[in-house]
Amino acid sequence: MMAEKDGRGLPTPRERVFFPVSMPLPYPTIIPGLRSPAAEVNGLVYFGRMLDKIRLAAAGKLPEGWQPMRGPVKGAFDWRCCEFLQIDYTALEAETLKGDKSDEELLEWAFAQGRRPSEMEIETWNAFMLKRGWRDAGTQRLNERLAEIGLPSGTVLTMFEFIDLDEGRLKPNADK
């Protein structure tokens, strides 16, 4: 039986296989050119990282295991960002890969294609994203991701911290 595929030829979410939590994965995963999810483009967190992932994937420099969670995968950060801006990920990807716009220009393009959030909406978005995984519906997944790389629950408290830890920008217990 052949597995179902999405529009990009990748397995659908229910067909995706994640790493078992019993075998720690090596970390850090160093990917040159991939910025922290907390880095801002004109005051908006995560958007620049999504652009980096688009460019790195097109250049064949994004790990294969990362491909299934790129783009419009419900619940993933790329999806959340596109939903917040009310833009189509595929259109953003195409515009990004033209290569003729800076990150700031791509954000303006996204505002024009979707919506321009107010300063308060951006503040709320940033706070939500920066705290995702801390005492919310993302906590379980955060703890699963920590277990995947062989670290105990509580090593970091948010998904952004986990990403920075996993990518070598943050050391375990560095602030404790």
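**Exercise 1. Classify the accessibility of R55 and describe its salt bridge with D103.**

Step 1. R55 has a relative accessible area of 29% and is therefore partly exposed; the class lies between buried, under 20% relative accessible area, and exposed, over 50% (1.4 Å probe, protein chains only). The model is predicted: local features need pLDDT of at least 70, side-chain atom pairs count only at pLDDT 80 or more, and totals for chains, interfaces and linings use all residues. Residues are numbered from 1 along each chain as its sequence is written, and side-chain values use heavy atoms, with hydrogens and water left out.

Step 2. A salt bridge requires a side-chain nitrogen of Lys or Arg within 4 Å of a carboxyl oxygen of Asp or Glu. The side chains of R55 and D103 satisfy this, with an N to O distance of 2.8 Å.

Step 3. The pair links distant parts of the chain, 48 residues apart: R55 belongs to helix α1 (residues 47-58) and D103 to helix α4 (residues 103-113). Helices here are DSSP runs (H or I, at least four residues), numbered from the N terminus.

Step 4. D103 counts as buried because its relative accessibility is 15%.

**Exercise 2. Describe the salt bridge between R141 and E144, then identify the network that contains R55.**

Step 1. The closest N and O atoms of R141 and E144 are 3.3 Å apart.

Step 2. Both residues lie in helix α6 (residues 139-148); because they are 3 residues apart, about one helical turn separates them.

Step 3. R141 is partly exposed at 31%, and E144 is partly exposed at 29%.

Step 4. Through shared partners, salt bridges join R35, D52, R55 and D103 into one network. The count for the structure is 18 salt bridges.

**Exercise 3. Determine the geometry of the aromatic pairs F77 with F160 and F84 with W125.**

Step 1. Rings of Phe, Tyr and Trp (its six-membered ring) pair if their centres lie within 6.5 Å; planes under 30 degrees apart are stacked, over 60 edge-to-face, and the rest tilted. The whole structure holds 4 aromatic pairs.

Step 2. F77 and F160 are edge-to-face, at 5.6 Å centre to centre and 75 degrees between the planes. F77 lies in helix α2 (residues 77-85) and F160 in helix α7 (residues 159-166), 83 residues apart. Both are buried.

Step 3. F84 and W125 are stacked, with 4.7 Å between centres and 10 degrees between planes. F84 is in helix α2 and W125 in helix α5 (residues 119-131), so the pair ties together parts 41 residues apart in sequence.

Terms used. Helices (H or I, at least four residues) and strands (E, at least two) are DSSP runs, numbered from the N terminus.
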